[in-house]
Amino acid sequence: MAWWLFKTEPDTYGIDDLQREGVSPWEGIRNYQARNRLRDEIQCGDQVFIYHSSCKVPAIVGLAEVVQAAYPDPTQFDPASPYHDGKSDPQAPRWLRVDVAYRGHAGTPLTLQAVKTDPALAHLELVNRSRLSIQSVDEAAARHILDLLAPLTRHT
DNA sequence: GCCAACGTTGGC
DNA sequence: GCCAACGTTGGC
């Protein structure tokens with residue numbers, strides 16, 4: 001079981017939306033490195049920190065779990081979708097998505113500022129490779145983040 | 001809204 | 001396959 005951090009813009013799709021839906025596809029990933037991680041590394045049961053970017057207070061705001069491993073993202077073939085990719089071949093889909101299930105809100109969101117200033121977290125991709133939308137989190141850091149998020153409010 | 005960082009594209 | 005131009009991301 002591995003730990004990840006998925007970025008999302010709350011104005012588009014945030015932790016509240018995920019809570020409302022319970023389980024949701026994580027779609028619209030259009031970056032090869034992120035796609036490769038979805039394809040090669042992410043497994044059902046992996047834990048996912050949800051991070052809000054491009055907003056007033058960028059922060060880790062909750063937890064989710066991968067409940068369906070990678071499969072083709074249908075939005076790439078939908079001309080009406082903002083994620084449409086006319087160059088993707090239906091016989092060899094270029095983009096993938098996974099399904100995630102809501103696991104809880106952070107009692108206290110862990111702000112980017114706090115991540116940057118915490119020696120135990122300063123090595124995270126969130127700090128060093130901030131543009132990557134699918135980031136890996138080592139277990140020690142993950143445990144630390146969980147402590148800082150506590151209490152996690154779970155709604156099921 | 002600015003702009004630095006960085007990913008993608010395409011001419012050669 | 002290099003690399004300049006261009007587009008996007010995202011914190012500030």
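This report describes how the protein surrounds DNA strand C, where one buried loop residue sits, and how some aromatic rings pair, all in a model that is predicted.

**Around DNA strand C**

The residues that surround DNA strand C are Lys7, Glu9, Tyr51, Ser53, Ser54, Pro58, Leu112, Lys116, Ser130 and Arg131. Of the atoms of DNA strand C that come within 4 Å of the protein, 86% belong to sugar and phosphate. Sorted by class, the surface near this strand is made up of four charged, three polar and three nonpolar residues.

Three side chains place a polar atom at a short listed distance from the strand, and the table sets them side by side: Tyr51 and Lys116 with a phosphate oxygen as partner, and Arg131 with a base oxygen as partner.

| Residue | Partner in DNA strand C | Distance |
|---|---|---|
| Tyr51 | phosphate oxygen | 2.8 Å |
| Lys116 | phosphate oxygen | 2.7 Å |
| Arg131 | base oxygen | 3.0 Å |

**A buried residue in a loop**

Asp73 belongs to the loop that runs between β4 (59-72) and β5 (96-111). Its relative accessibility is 0%, and because buried means under 20%, Asp73 counts as buried. Leaving aside residues up to four places away in sequence, Asp73 touches Glu27, Gly28, Ile29, Arg30, Trp95, Leu96 and Arg97.

**Aromatic pairs**

The count of aromatic pairs comes to four. One of them joins Phe6 and Trp26, whose ring centres are 5.5 Å apart and whose planes meet at 45°, so the pair is tilted. This pair links distant parts of the chain, since Phe6 lies in strand β1 (residues 3-8) and Trp26 in strand β2 (residues 23-26), 20 residues apart. Phe6 is buried, with a relative accessible area of 0%, and Trp26, at 7% relative accessibility, is buried as well.

Another tilted pair is formed by Tyr32 and Trp95, with 4.8 Å from centre to centre and 40° between the planes. Here too distant parts of the chain are linked, with Tyr32 in helix α2 (residues 32-40) and Trp95 in the loop between β4 and β5, 63 residues apart. The two partners can be set against each other in accessibility: Tyr32 is partly exposed at 43%, whereas Trp95 is buried, with a relative accessible area of 3%. Trp95 is also one of the residues that Asp73 touches.

Finally, Phe6 and Trp26 are joined by Tyr13 in one aromatic cluster.

Technical notes:
Residues numbered from 1 in each chain as written. Chains lettered and ligands numbered in written order. Predicted model: local features only at pLDDT ≥ 70, side-chain atom pairs only at ≥ 80, totals over all residues. Heavy atoms only, no water. Near = heavy atom within 4 Å. Polar contact = N/O pair within 3.5 Å; in protein donor to acceptor, adjacent residues only side chain to side chain. Nonpolar A, V, L, I, M, F, W, Y, C, P; charged D, E, K, R; others polar. Helix = DSSP H or I, 4+ residues; strand = E, 2+ residues; numbered from the N terminus. Buried < 20%, exposed > 50% of the residue type's maximum accessible area, 1.4 Å probe, protein only. Contact = heavy atoms within 4.5 Å. Phe/Tyr/Trp six-rings, centres within 6.5 Å; stacked < 30°, edge-to-face > 60°.
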